[in-house]
2 protein chains.
Amino acid sequence: MNQFMERLSLSKPVVQAPMAGGPTTPRLAAAVSDCGGLGSLASGYLTPEVLQQQILETKKLTSAGFQVNLFIPEKRETVTREEYERWQEKIPLARSASPVTDEKQDWDDFYEKIEIILKEGISAVSFTFGPPPADAVKELKNRNCCLMGTAVSVEEAVLLEELGMDVIIVQGSEAGGHRGAFLKTKGEPAVGSMALIPQAADHVSVPVIAAGGIFDKRGVAAAFALGAQGVQIGTAFLTCEESGTHPAYKQKLFEAVETDTSLTRLFSGKPARGIVNQWMEDRRQEEAEALPYPLQNTLTQPMRKQAKLDGNTDNMSLWAGQSVRATVEQTTVKELMDQLVPADVLSDHLN
Amino acid sequence: MNQFMERLSLSKPVVQAPMAGGPTTPRLAAAVSDCGGLGSLASGYLTPEVLQQQILETKKLTSAGFQVNLFIPEKRETVTREEYERWQEKIPLARSASPVTDEKQDWDDFYEKIEIILKEGISAVSFTFGPPPADAVKELKNRNCCLMGTAVSVEEAVLLEELGMDVIIVQGSEAGGHRGAFLKTKGEPAVGSMALIPQAADHVSVPVIAAGGIFDKRGVAAAFALGAQGVQIGTAFLTCEESGTHPAYKQKLFEAVETDTSLTRLFSGKPARGIVNQWMEDRRQEEAEALPYPLQNTLTQPMRKQAKLDGNTDNMSLWAGQSVRATVEQTTVKELMDQLVPADVLSDHLN
């Protein structure tokens, strides 16, 4: 057992990636925690009320601990009315979009969620899109909550440790869904796990969790060889029976191969990796002009919602990582967890 | 010892990446082979005569085997006179560029190099930018030359095995220099090593060599855990004393971090990973309009040549992979090889 596993009383060093927007259900999180890993609820896009309900539901399903993931609210970028209206024209159903939330509301929700997490005695909290504010860090640490930050570079990892994170989730370029990047870089902020994990592990003293490209016991063993104390896995959990992934989206995951995904800002305004579909192909030339988050996200929301009702994958966000070829049929969380970490595979690294 | 090492009589499962354009010298290749790895000469951009000289020179320096890398000549894309002249204006010194070679000349050179390789009894040949033609495969196989193809996807790996390659070098997105990609993909052809190596290893029966993001024994162990039988390393050899890397370029490698590199078509017309410099920054907006290979390559050649004379890194191609942060000082090949593969590290995998 290593420091990370000990801290969270895990018997398997596997974190289920928090996947906002549907896939991450109480049933999924509870099943992962019941298998000895760390199940995750994704509170991004949820109101505090719904988060509270999901926590209660998860607690009914498992007595093991689980984590809640929080988005760090964004500094708002301004756009011209022309830019906004141009996308309002292009995006199907955009005219029925809800008003864009303001930053103050996002922070109010953030702190309300922190209160719920404290009240419910959640054992771990992870953050995406930046470090949490100092007052939240202090309150959570007072209750011995394990704080996990998401980094895509050594610089982000070092900063997150300095700001009090107990664990750093290091996200390689292979990962599906949103990039956790929050600092500007000179070159590409999409560094592959093989290069990034050991460079990050060399520069922080807290445990590093490897995310991106891991789908079976070979990836788990490789992550440990590179210096990680655990792995975070998303795509392989998307096709589990317990996940809330739309059936048509699951089918796409079964069919896709490793070169079928791309980073795109066309759904939310932030770079995220998903299977290339009609919406991404049609707007490929306008990729650079997508509105900043959360504007693009708000405008595409009715389109994505309708696509789910219709089972229409052309207009859904089909988040997936580059290990998507490995998802070929639906499994249960238990089947997945058993093949990810067979009883003996970590013996070399867990002393 | 595994199948790959046995085939080439290696005591260390390390291939020095063939790095065309200067870094790969006979001294570098010989030093790697002398340490039990596979040294490589890069014949891309070389005339057959210069390749012949380099082979003779390498043979003088080592009695161990080494490989020669060959570029597969490209189908030429046509561009309009306007497009061509636009870049001729923009690229410093482009007006003094040599005439662009034609495809026929490239193939003539290719076959002349094959003849040299056969005559000199070279033990291994690797190919970049596609599979070699059937007649070359047949001739080389008749002389028991080990054929290695470069793949960036499972589909490319499978095709290369079908066409007779004995070894597949699987290049993850972390790798520096040119991408070996030769098939079109729906999404991004830049898949990270962590995701790509096991997916490729599952689909071919010949040995897989992992390239991209590997810089120390942790990466070697991880590559083996993922199913590779060896590793190919470029960036870490660039800063070795024996390499022909320009001193100013070496200095940039020592200073750069993992997020300082980017894929670019601005130097050659083909995507290649290098440290972002002034030329790349100035022309970032025009990236998509770069001329196809070899036109862009030919037009930027005088600029790059002059930059080397001046020690001016603003206009050099500074190829580097995403493990560049790990290069902090000059070492010898022996020092690097010793830390890459300590005597005991592979014992688990080499039975």
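Reader: Let me get one term straight: buried area is the accessible area, taken with a 1.4 Å probe, that two parts lose on being put together, summed over both. How much do chain B and chain A bury between them?

Author: About 3600 Å², and 56% of that is on carbon and sulfur atoms. Keep in mind that this is a predicted model.

Reader: Which residues of chain B lose the most area to chain A?

Author: Those are Lys186(B), Met194(B) and Arg218(B). Together they account for 21% of what the chain B side buries.

Reader: And how many residues does each chain put into the contact?

Author: Chain B gives 49 residues and chain A gives 48.

Reader: OK, symmetry. What rotation puts chain B on chain A?

Author: A turn of 180 degrees, with 0.0 Å of shift along the axis, superposes chain B on chain A at an RMSD of 0.0 Å. The two copies are thus related as by a two-fold rotation axis. The same surface serves both copies, since 98% of the contact residues of chain B recur in chain A.

Reader: Which residue of chain B comes closest to that axis?

Author: Ala222(B), with its C-alpha at 2.0 Å from the rotation axis.

Reader: Switching to charges. How many salt bridges cross the interface of chain B and chain A?

Author: There are 4 across that interface, and the count over all chains is 34. One that crosses joins the side chains of Arg218(A) and Asp202(B), at 2.8 Å from N to O. In another, Glu188(A) pairs with Arg273(B), with the closest N and O atoms 2.9 Å apart.

Reader: Where do Glu188(A) and Arg273(B) sit?

Author: Glu188(A) is in the loop between strand E7 (177-178) and helix H8 (193-201) of chain A, while Arg273(B) is in strand E11 of chain B, so the pair joins two chains.

Reader: Are Glu188(A) and Arg273(B) buried or exposed?

Author: Glu188(A) is buried, and Arg273(B) is too.

Reader: What about polar contacts, how many residue pairs between chain B and chain A?

Author: The count is 24 residue pairs, both partners being at pLDDT 80 or more. The elements giving two or more residues to the chain B side are helix H7 (154-162), helix H8 (193-201), helix H9 (217-225), strand E10 (261-264) and strand E11 (272-275) of chain B. By class, that side has 20 nonpolar, 16 polar and 13 charged residues.

Reader: Back to salt bridges, but inside one chain. What does Glu74(B) pair with?

Author: Its partner is Lys270(B), with the closest N and O atoms 3.1 Å apart. This pair links distant parts of the chain, 196 residues apart: Glu74(B) is in the loop between strand E3 (66-71) and helix H4 (81-90), and Lys270(B) is in the loop between E10 and E11 of chain B. Both Glu74(B) and Lys270(B) are buried.

Reader: Got one with an exposed residue, say Glu89(B)?

Author: Glu89(B) meets Arg95(B) in a salt bridge, 2.7 Å from N to O. Glu89(B) counts as exposed because its relative accessibility is 59%, and over 50% is exposed. Arg95(B), at 57%, also counts as exposed.

Reader: The E10 to E11 loop, then. What does Ser268(B) touch?

Author: Ser268(B) lies in that loop of chain B. Not counting residues up to four places away in sequence, Ser268(B) touches His178(B), Pro292(B), Tyr293(B), Pro294(B), Gln296(B) and Asn297(B). With His178(B) there is a side-chain polar contact of 2.7 Å. Ser268(B) is buried, with a relative accessible area of 1%.

Reader: And Leu318(B), where does that lie?

Author: In the loop between helix H13 (295-310) and helix H14 (333-340) of chain B. Leu318(B) counts as buried, at 1% relative accessibility. Beyond neighbours within four places in sequence, Leu318(B) has contacts that include Tyr249(B), Lys252(B) and Ile275(B).

Reader: Last one, chain A. Which residues is Ala31(A) in contact with, past its sequence neighbours within four places?

Author: Glu242(A) and Val333(A). Ala31(A) is in helix H2 (residues 26-34) of chain A. Ala31(A) and Val333(A) are 302 residues apart in sequence, yet 6.3 Å apart in space, C-alpha to C-alpha. Ala31(A) is buried because its relative accessible area is 16%, and buried means under 20%.

Terms used:
Residues are numbered from 1 along each chain as its sequence is written. Chains are lettered from A and ligands numbered from 1 in the order in which they are written. This is a predicted model: local features need pLDDT of at least 70, side-chain atom pairs count only at pLDDT 80 or more; totals for chains, interfaces and linings use all residues. Side-chain values use heavy atoms; hydrogens and water are left out. Copies are superposed by least squares on the C-alpha atoms of residues with pLDDT of at least 70 in both. Contact means heavy atoms within 4.5 Å. A polar contact is a pair of N or O atoms within 3.5 Å; within protein, one must be able to donate a hydrogen and the other to accept it, and residues adjacent in sequence count only if both atoms are side-chain atoms. Helices (H or I, at least four residues) and strands (E, at least two) are DSSP runs, numbered from the N terminus. Ala, Val, Leu, Ile, Met, Phe, Trp, Tyr, Cys and Pro count as nonpolar, Asp, Glu, Lys and Arg as charged, and the others, Gly among them, as polar. Buried means under 20% relative accessible area, exposed over 50%, partly exposed in between (1.4 Å probe, protein chains only).
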